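Please walk me through this model in the viewer, one selection at a time. What should be selected, and what is found there?

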Amino acid sequence: MSFSNLCGSSAVDMDSDEEFTGHITKKIKITANNGWEHVFARGGIKSRFTKNTAVDATEFLKNYRPRAQKQSLEILISLPLDILFEIFGRLLPLDLLHLSRTTKALRSVLMHRSSTTVWMAARSDVKGMPACADDMSEPAHASLAFDMHCHNCLRPNVRNVDWNLRVRYCQKCFKERTEVVDDKFKKTYGLKLHHCLSLSMTQNRNDARCLISDRESLVDELSKLGPEERSVLRGLKRDAVLARKEHAVRCTKWMEGEQQSRWKELDHLRSLRHDAILEKLIELGWEEDVNKLPDRHTARIYKLTHFEDHPLVKQPKPLTDRIWQNIQHKMVEFMGQMREFRILQERKQQIRERQSLLATIYSDWQREKGYHKYLMPTAADLFGMRQVRDIVELPAHLTVTAEDFQPVCEELFKLVDTWKRCNAHDLRSDLLWRLEIHPPYWLDRLSVQCERLAVAVFTCTGWLCDNIPEPNDSPRYMYFPEYLHHRCNRIRRRAWNELDPANTFAMGQGYPGNTVQQEWSTDDLELDKKASQTVRNIIDACDLDWREVTVSELDNLDPRLVCLKCSYGNRCDGERPMMVRSWRESVKHCAKKHWSDSTVKWQKISDEESRSLRQDQEEAAASTTIPPRKIWRCTHCHDKPGEPEKMTVQGMTDHLEDHHSIDLINQVAGKDFAEALDVPPITIPSVKLKPKAVDP
């Protein structure tokens, strides 16, 4: 096949003598900058779906602007050196470092010794930056100060600079390329080598480290010298180490100052952004919510995001109109959450104020009637009653006053009586079952006041009583009425995640800070069956029926007893010395010495010796100074928020004067203060006697 056939009819025979008069197309080089011009000059891109016309191409060319050519730094190196040095001297050291890493030509210029003045001029533009050390180049000094990558693995964002070692290593490389200078190091390389090495500036003096490369080079250098030359070299190295240490101190101080100034600058930018966002929110109508934003402590407790810690607020960037348009909807959503939280907290505070008003009315009513001498429901019990809830939970826009609680005040006696009967029913039912008391069938089981029996011995398992040791490590047993009025029945410890406990309030002075009042409950009380059995044995020794003897009857009888197990079964004979104890102390003695053994037997001494012994002990107690006891409660603070713990006489006097403005002359016992009902009687000491024989 001929060339003309391949090219078609438009092909021209170059050997022909016939003159060619046709148009010859000029070859054009198509580049990224002029390609579209030639494409649209010929009608655009041909497509089977669209049909471009010359008019479309003309319109495109009118609005078309050719892309700007990328500028190259190759032209910069062609400038005279004095002009280059004048330009480079006005840059910062970090800019010179970046510029030296762009092209080989610029690097050869900036890294040449003749460019030292350029680096020095750039360093002088940094305020307070120390001069470069004599044994260190200016580029290396700038790299150590301003580069943010590890000098070994090139890991970015490494901010730990050791100016003593003159390295910037990440934590991993620092451990790999340094070694600890310890006793093993000194034993291996000698006791003087580490004085010739620069050590890392660490807070722990026992963890001084040196560069492995420095140690290897120094050891190789010393191995090639004689003894005298080694001594001279060590002296030079020690002087160099001291000079490096002084330079490191100056550089470290400068870097810390730069960090502080940078932090202040960032804090200032955050403060400006914070204020600007608040102004924008106030313009949108969030002024009340802005003024009542939760503080940092409240936000941490309720696991909220504090306004200053919001990701869009704490950024160190100025707030522009464009940025505000982008974050406005998120900030409005955040303020909506803060408004919901504020309304909820205001509602809780309103309910607490109403409950506090009711607690004050209830406390004053008890003091006027003298009911603080009896077992009464706590204020928390009242908060849970339906009649009280209906008033306390009235809508927020209504104002609740003392007059609104007047219907509750009129029914207080009835409400208290109902509460007493319900709790007495539950307590007696439980005690009858635990003490195994079976009254006659014709007698109402719940009419038996078994809570008053002497065999009803309780211990407290509450958290507050665990931290109060008893004298001589003896167990603390509680009898009627002490266990009914025990403080753990009306208080509890607030849980760590319990932020706003409902229907309660915090207790005051003398209680731990996380103590709140609760509804009266005996859940923390536990019937001690071993102690109860010991009391049965004591009552049997007194020839009484344990099913009928109450605590008050046994206290009035006040028997004095002898432990027959301690006397090895020997009974009183008037010749053998024995320890005589009261019935309460006998129970403690059995628990401490005999592990509450139920087989321990007791013998009661004669009534005549008991009366004589009581008289002697009363006379001895009258002549002995008794330390002040915390047995008094303030009737003005009873069942109110911030109710204090029991106090001494002097403490109560000061409390009434400071908190209630009642002088010492006007303070009345039983009206302004009363003896606490959960205080045990004074301990009767044991006495060693030779009790006479008693007829069985």
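A cavity, as the word is used here, is a set of grid points where a 1.4 Å probe fits but cannot get out, and its lining residues have an atom within 4 Å of a point. Bear in mind throughout that the model is predicted.

**Stop 1: the second largest cavity**

Select Arg633, Cys634, Cys637, Glu643, Pro644, Glu645 and Met647, which line the second largest cavity. Its volume is about 30 Å³. Four of the lining residues are nonpolar and three are charged, with no polar ones.

**Stop 2: the largest cavity**

The whole structure holds two cavities of 30 Å³ or more. The largest cavity encloses about 330 Å³. Which residues come closest to its centre? Select His372, His485, Arg490, Arg633 and His638; these are the closest of the 23 residues in the lining. Strands β12 and β13 (673–675) each give two or more residues to this lining. By class, the lining has ten nonpolar, seven polar and six charged residues. Arg633 appears in the lining of the second largest cavity and is also among the residues closest to the centre of the largest one.

**Stop 3: Asp639 and Arg490**

Keep Arg490 selected and add Asp639. Their side chains form a salt bridge, with 3.2 Å from N to O. Asp639 sits in the loop between β12 (632–634) and α25 (649–659), and Arg490 in the loop between α20 (463–466) and β6 (491–493), so the pair ties together parts that are 149 residues apart in sequence. Are these two residues buried or exposed? Both Asp639 and Arg490 are buried.

**Stop 4: a network of salt bridges**

Now select Glu288, Asp289, Lys292, Arg339, Arg342 and Glu346. Salt bridges with shared partners join these residues into one network. The count for the model comes to 40 salt bridges.

**Stop 5: Lys280 and Asp321**

Select Lys280 and Asp321 next. The closest N and O atoms of this salt bridge are 3.9 Å apart; the cut-off for a salt bridge is 4 Å. Lys280 belongs to helix α12 (residues 227–283) and Asp321 to helix α15 (residues 321–369), so the pair ties together parts that are 41 residues apart in sequence. Lys280 is partly exposed, at 24% relative accessibility, whereas Asp321 is exposed, at 55%.

**Stop 6: Glu86, Arg90 and Ile87**

Move to Glu86 and Arg90. They form a salt bridge in which the closest N and O atoms are 3.0 Å apart. Glu86 is partly exposed, with a relative accessible area of 45%, and Arg90 is exposed, at 64%.

Then pick Ile87, which is in helix α4. With a relative accessible area of 39%, Ile87 is partly exposed. Add Val118: the two lie 31 residues apart in sequence, yet their C-alpha atoms are 9.1 Å apart in space.

**Stop 7: helix α5**

Finish with helix α5, residues 93–100, and highlight Pro93, Leu96, Leu97, Leu99 and Ser100, which are buried. Look down the axis of α5: the buried residues fall within an arc of 165°, so they line one face of the helix. An α-helix has 3.6 residues a turn, so residues three or four places apart point the same way. What do the buried residues of α5 pack against? Show α4 (81–88), α6 (104–110), α7 (116–124) and α8 (138–146), the helices they pack against.

Definitions and conventions. Residues are numbered from 1 along each chain as its sequence is written. This is a predicted model: local features need pLDDT of at least 70, side-chain atom pairs count only at pLDDT 80 or more; totals for chains, interfaces and linings use all residues. Side-chain values use heavy atoms; hydrogens and water are left out. Buried means under 20% relative accessible area, exposed over 50%, partly exposed in between (1.4 Å probe, protein chains only). Helices (H or I, at least four residues) and strands (E, at least two) are DSSP runs, numbered from the N terminus. The arc is that of the directions from the helix axis to the C-beta atoms. Contact means heavy atoms within 4.5 Å. On a 1 Å grid over the protein atoms alone, a cavity is a set of points where a 1.4 Å probe fits but cannot get out, and a pocket is an open set with protein on both sides within 12 Å along at least five of seven lines; lining residues have an atom within 4 Å of a point. Grid points are joined across faces, edges and corners, and a volume is the space filled by probe spheres set on the points. Ala, Val, Leu, Ile, Met, Phe, Trp, Tyr, Cys and Pro count as nonpolar, Asp, Glu, Lys and Arg as charged, and the others, Gly among them, as polar.
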